[in-house]
Amino acid sequence: MSLPRKSVSRALGSSPARLRCRLYPYTHLGTYLGRRKCNGNKRGFSSAPSPAASVYSKWALLLGAGLAVGTTSAFYFKRRETLQGTRTDFVPSKEDYQKVYNEIARLLAEMDEYDDGSYGPVVLRLSWHASGTYDKATGTGGSNGATMRFAPESNHGANLGLVNTRDFLEPAQKMFPWISYSDLWTLAGVTAVQELGGPTVPWRPGRQDAESTACTPDGRLPNAAKGATHLRDIFYRMGFDDREIVALSGAHALGRAHIDRTGYEGPWDFSPTVFTNEFFRLLVEEEWLVRDWDGPLQYTDKTTRTLMMLPTDMALVEDEQFRPHVERYAKDSDAFFQEFAVAYIKLLELGVPFKGEGSDRWVFERSE
Ligand code: HEM
């Protein structure tokens, strides 16, 4: 499989936010030189030098200025050459992206202090929230852009708590500065699914980061307090059908809700760091009661009263069109894995102007 060379160069070539970061040393140097010049002037005024010393210092100043300009220009052009080299000549290969995958997998394994021992679930959630803003009617939102880096999108209620997840991935971005955030976050989602025992999810690069002006309006992600009609409104807007809505919701086998983020609380099953079809099995087999508490409406399992379901999760068994898929996935783990992978690939590619048809996707090896 060959790399979509054009799309990658395009991604690297038009990443204004990153370019600004890379240009920072020049700005910094300029400020530094400016400050030096300013200090020199101050010294001149305060010590009233003799005329001879003044002529001498004028020449010295000119010479110094010439040297400074020369050195700065040399530095600038050398840096620019390097930058241009980075931007246009370096075309990452599948092996380069495998290295990014490996680094994310290493971070997931080593930084095990999060919740149930893995950042994996919340990394998957980051990739979904970055992508699930897509609106097919206007072509806005989607994984392209990684606009959640900026306010107001970073402050949208649904994205509360995801700042830690974005920070968690920052070392990988520092290690591989050529990757766009939008590629990094989606590749991280794929890594999380695979490393937590989920299906293999082929992935391709080519997303471009955008500016804050591309932030999507609040309200594009689903509201857990609502029902089936709302789920359809949100997911049909992205271009998904009922089967895909159910398949994607199976990601709730992972992780847990946090009272300080969304007001909801608890995990959906007993293995929140392993990708399984347990979410569906429990939805069908367990009896779910309205939780008696001061928080928002959520459900708890009758047997242990330690698990939870959101109103939108319950809508999947209550709705006539959704329910057959829930029952099928509850019985057939392979069908769930296969259909989740296909729907998740589609989710991660929403709004991305790829050139190819998808035959250029890569499968990354899992860590041992
Ligand atoms: C169907 C509509 C959906 C609704 C209403 C919804 C809502 C929520 C809510 C309220 C939480 C709890 C967040 C917290 O308090 O920290 C959550 C967590 C989570 N969601 Fe969803 N979600 C939906 C779909 C999805 C999809 C499509 C995916 C992935 C493909 C996903 C993956 C996750 C994961 C992995 C977590 C656990 C995060 C953690 O452990 O920190 N969700 N979701």
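I will talk through the surroundings of the ligand, then one helix, and then a sheet. Please keep in mind that what we are looking at is a predicted model.

Let me begin with the ligand, which is surrounded by 24 residues, the closest being Val-122, Ala-251, Gly-255, Ala-257 and Thr-262. If we ask which elements give two or more residues to this shell, they are helix H5, spanning 120–131, helix H9, spanning 242–249, and strand S1, at 256–257. Of these, H5 gives the most, with 5 residues. As for the character of the shell around the ligand, its residues divide into 13 nonpolar, 7 polar and 4 charged.

I would now like to stay with H9, which, besides giving residues to the ligand shell, is mostly covered, in that 7 of its 8 residues are buried. The buried residues are Asp-242, Glu-244, Ile-245, Val-246, Ala-247, Leu-248 and Ser-249. And what do the buried residues of H9 pack against? They pack against four named helices, namely H8 (228–238), H11 (311–318), H12 (323–331) and H13 (333–348).

Finally, let me turn to the sheet, which is open, has 3 strands in the order S3-S4-S5, and shows antiparallel pairing. Its edge strands, each pairing on one side only, are S3, at 288–290, and S5, at 308–309. Strand S4, covering residues 299–301, runs antiparallel to S5 and is joined to that strand by 2 bridges, and across this pairing Thr-300 stands opposite Met-308 in S5.

Terms used. Residues are numbered from 1 along each chain as its sequence is written. This is a predicted model: local features need pLDDT of at least 70, side-chain atom pairs count only at pLDDT 80 or more; totals for chains, interfaces and linings use all residues. Two strands pair if DSSP finds at least two bridges between them. A residue is near a molecule or strand if its C-beta atom, placed from the backbone, lies within 6 Å of it. Ala, Val, Leu, Ile, Met, Phe, Trp, Tyr, Cys and Pro count as nonpolar, Asp, Glu, Lys and Arg as charged, and the others, Gly among them, as polar. A residue is buried if 20 or more other C-beta atoms lie within 10 Å of its own, exposed if 12 or fewer, and partly exposed in between; C-beta atoms are placed from the backbone. Two residues are in contact if their C-beta atoms, placed from the backbone, lie within 7 Å.
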